[in-house]
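The following paragraphs walk through one helix pair and then the domains of the chain. Please look at the model first.

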Amino acid sequence: MSESELLSRHRAVLPNWLALYYDEPIEIAHAEGRHVTDSDGVTYLDFFAGILTNAIGYGVAEISDAVRSQIDTGVLHTSTLYLIRKQVELAEQIAELSGIPDAKVFFTNSGTEANETALMLATQYRRSNQVLALRNSYHGRAFATVGITGNRGWSASALSPVKVSYVHGGYRFRGPFAGMSDADYIAACVDDLRDVLATTTSGDVAAMIAEPIQGVGGFSVPPDGLFGAFKEVLDEYGILLISDEVQTGWGRTGEHFWGIQAHGVTPDLMTFAKGLGNGLAIGGVVARGEIMDCLTANSISTFGGNPVSTAGAKATLDYLLAHDLQGNAAKLGDKLLGGLRDVAGRYPVLGDVRGKGLMIGLELVGRGGDPAPGAAGRVLEETKSRGLLVGKGGLHGNVIRLAPPMTLTEEEADEALSILDASVAVADREVS
Ligand code: PMP
């Protein structure tokens, strides 16, 4: 069956709102390292799967071996009602890496479930259903998480069990605080937080949840120290800080292991998912023990933390630590940022190049500086036709997102730079 036949069957039976990339969507049939091959035999350099699922790339023998030896025991899973050795070992490792005192870990199957759990813990612990989130945020697709998601393009339902108030601090390229210095921006966001607390909440708010760098929102990087300044205010009220590390964890930002560490604060809870399993479904929450243990009734996830996912995740974590992939993300991230800033200097359609490590956003703008989603769509298609897969995002759909596996090589970075250069040139010629 060809990809186009598969697409028409997909459209007939799967929901309209299930987002698919490309005018002609592809099916990945084979993958190795940082390359994927579709079922029509076309090979691409993958500059997006790093953040979605494959933090360290495809076909990594250490991960496949760990998963295979678990499968060979015959136990794909029995139930989380029994002891699971790899789950305990992985939890110990994540608790230690989190830097959260007396940390405990709960495993889920996705980032959505991780954030749902974090919200349940925070609201129960604080006995309040009021939550602060950032404008333009994305936290998942279930009842509470879709309800607090601040990016209207992804808030599929406005019905929410949580009372949410939004604060500034996510996206600073546009909006009332655009163009400010870092210090002024932080001061303006803190004023806004105080104002929102005083005017839209009763004060006894459960938590603030935030992505240290907004992912779906377009890889917008707040100034270092913003969340430290927020935390001082939150502490005055006893409000918990939940850092959503689903995209920023595991060293991807290069300079730190967790994105929130750029802000000099330790959160009360952190959530993670996506790349940890390097393709296997796993997510989770790490939190101070007293917060994690605040639930008085039983609560389990049937598949969360199962033997296969935790074996793969443990092998992934061991691999990325042993190979200093955080260091590689820092080095190649700097190279890509430098190269892309040079491209931006030549093509005005590239209005902003931003990011940290291997999490880089390219904001496409019209000649008047307005958001140019058409130009982003053009770059998406042009890069694909030249053999590079990238992501798209941002409130206006005008941001190209780059997030390759953290095992990226210098040569692959060079190849991507030259493809992006040529693709941005095409978009620049067409934009008005
Ligand atoms: N939080 C963030 C920051 C995310 O980017 C995502 C996924 N895009 C989620 C939560 C939800 O994760 P999942 O799709 O695994 O439910």
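Glu62, Ile63, Ala66, Val67, Gln70 and Ile71 in helix 3 meet Pro307, Val308, Ala311, Gly312, Lys314, Ala315, Thr316 and Tyr319 in helix 10; two residues are in contact if their C-beta atoms, placed from the backbone, lie within 7 Å. By class, this contact of helix 3 with helix 10 has nine nonpolar, three polar and two charged residues (Ala, Val, Leu, Ile, Met, Phe, Trp, Tyr, Cys and Pro count as nonpolar, Asp, Glu, Lys and Arg as charged, and the others, Gly among them, as polar). The model is predicted: local features need pLDDT of at least 70 and side-chain atom pairs count only at pLDDT 80 or more, while totals for chains, interfaces and linings use all residues. Numbering starts from 1 along each chain as its sequence is written.

Helix 3 covers residues 61–72 and helix 10 residues 307–322; helices are DSSP runs (H or I, at least four residues), as are strands (E, at least two), numbered from the N terminus. Their axes come within 8 Å and cross at roughly 155°, with axes fitted to C-alpha atoms over the stretch in contact and angles running from 0 to 180 degrees between N-to-C directions. Helix 3 and helix 10 are therefore roughly antiparallel, the term for angles over 145 degrees.

The domain assignment, automatic or from a database, gives domain 1 (3–59 + 325–431) and domain 2 (62–323). Their centres, taken over C-alpha atoms, are 25 Å apart. Domain 1 puts 29 residues into the contact and domain 2 puts in 31. On the side of domain 1 that touches domain 2, helix 11 gives the most, with five residues.

Key
Parallel < 35°, antiparallel > 145°, perpendicular 65-115°, else oblique.
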